[in-house]
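Colleague: Got a minute to walk me through this one? I'd like to start with the rings.
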Amino acid sequence: MFFVFLSCVFIAVMYLEAIKKGMPVKRWVFLGGLLGPAAWCLFNLHYRRALIRHTGQNACILNS
């Protein structure tokens, strides 16, 4: 029962973060429901790698 609740929470969290950061929503919602908190770590890693690949390693990135 706890696993189902945790999966639902991470589905919602991954949905909101994927929309906020412009990532593919279906993929991250599915992984959020399947992996739970591990999907959050993978999401942040994937987002950071995509950001660096797009801007370059020597770019100055300002977070707002």
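**Rings, helices and a few residues**

Modeller: Sure. This is a predicted model. With ring centres required to lie within 6.5 Å, the count comes to two aromatic pairs.

Colleague: How do Trp28 and Phe43 pair, stacked or edge-to-face?

Modeller: Trp28 and Phe43 are edge-to-face. Their ring centres are 5.2 Å apart, and the planes make an angle of 85 degrees.

Colleague: And which helices do those two sit in?

Modeller: Trp28 is in helix 2, residues 25-35. Phe43 is in helix 3, residues 37-55. The two are 15 residues apart, so this pair links distant parts of the chain by the program's account.

Colleague: Buried or exposed, that Trp28?

Modeller: Trp28 is buried, because its relative accessibility is 5% and the cut-off for buried is under 20%. Phe43 is buried too, at 0%.

Colleague: What about the other pair, Trp40 and Phe43?

Modeller: Trp40 and Phe43 are stacked. The centres are 6.4 Å apart, with 25 degrees between the planes. That angle counts as stacked because the limit is under 30 degrees.

Colleague: How far apart are Trp40 and Phe43 in helix 3?

Modeller: Three residues, so about one helical turn separates Trp40 from Phe43. Trp40 is partly exposed, with 30% relative accessibility.

Colleague: Which residues end up in the ring cluster?

Modeller: Trp28, Trp40 and Phe43, linked by ring pairs.

Colleague: New topic. What lies over the face of Tyr47?

Modeller: Lys21 does. The distance to the ring centre of Tyr47 is 4.5 Å.

Colleague: Now the helices. At what angle do helix 1 and helix 3 pack?

Modeller: About 15 degrees, with the axes 10 Å apart. Helix 1 covers residues 2-21. An angle under 35 degrees counts as roughly parallel, and therefore helix 1 and helix 3 are roughly parallel to each other.

Colleague: Is that crossing left-handed or right-handed?

Modeller: Right-handed, as helix 1 passes helix 3.

Colleague: Which residues meet there?

Modeller: From helix 1, you have Leu6, Phe10, Val13, Met14, Glu17, Ala18 and Lys21. From helix 3, they meet Pro37, Ala39, Trp40, Phe43, Asn44 and Tyr47. Lys21 and Tyr47 are the residues with the charge over the ring.

Colleague: Glu17 caught my eye. Is Glu17 buried or exposed?

Modeller: Glu17 is buried, with a relative accessible area of 15%. Glu17 sits in helix 1.

Colleague: What does Glu17 contact, leaving aside neighbours within four places in sequence?

Modeller: Trp40 and Phe43. Those two also form the stacked pair.

Colleague: And Asn44? How far is Asn44 from Glu17?

Modeller: Their C-alpha atoms are separated by 9.7 Å. Along the chain, Asn44 and Glu17 are 27 residues apart. Asn44 lies in helix 3. Asn44 counts as partly exposed, at 27% relative accessibility.

Colleague: Last one. Where is Asn58?

Modeller: Asn58 lies in the segment after helix 3. Asn58 is exposed, because its relative accessibility is 81% and exposed means over 50%.

Colleague: How far is Asn58 from Gly33 in space?

Modeller: 35 Å, C-alpha to C-alpha. In sequence, Asn58 and Gly33 are 25 residues apart.

Key
Residues are numbered from 1 along each chain as its sequence is written. This is a predicted model: local features need pLDDT of at least 70, side-chain atom pairs count only at pLDDT 80 or more; totals for chains, interfaces and linings use all residues. Side-chain values use heavy atoms; hydrogens and water are left out. Rings of Phe, Tyr and Trp (its six-membered ring) pair if their centres lie within 6.5 Å; planes under 30 degrees apart count as stacked, over 60 as edge-to-face and the rest as tilted. Helices (H or I, at least four residues) and strands (E, at least two) are DSSP runs, numbered from the N terminus. Buried means under 20% relative accessible area, exposed over 50%, partly exposed in between (1.4 Å probe, protein chains only). A charge sits over a ring if NZ of Lys or CZ of Arg is within 6 Å of the ring centre and within 35 degrees of the ring normal. Axes are lines fitted to C-alpha atoms, for helices over the stretch in contact, and angles run from 0 to 180 degrees between N-to-C directions. Angles under 35 degrees count as roughly parallel, over 145 as roughly antiparallel, 65 to 115 as roughly perpendicular and the rest as oblique. A crossing is left-handed if the near helix is turned anticlockwise from the far one by less than a right angle, and right-handed if clockwise. Contact means heavy atoms within 4.5 Å.
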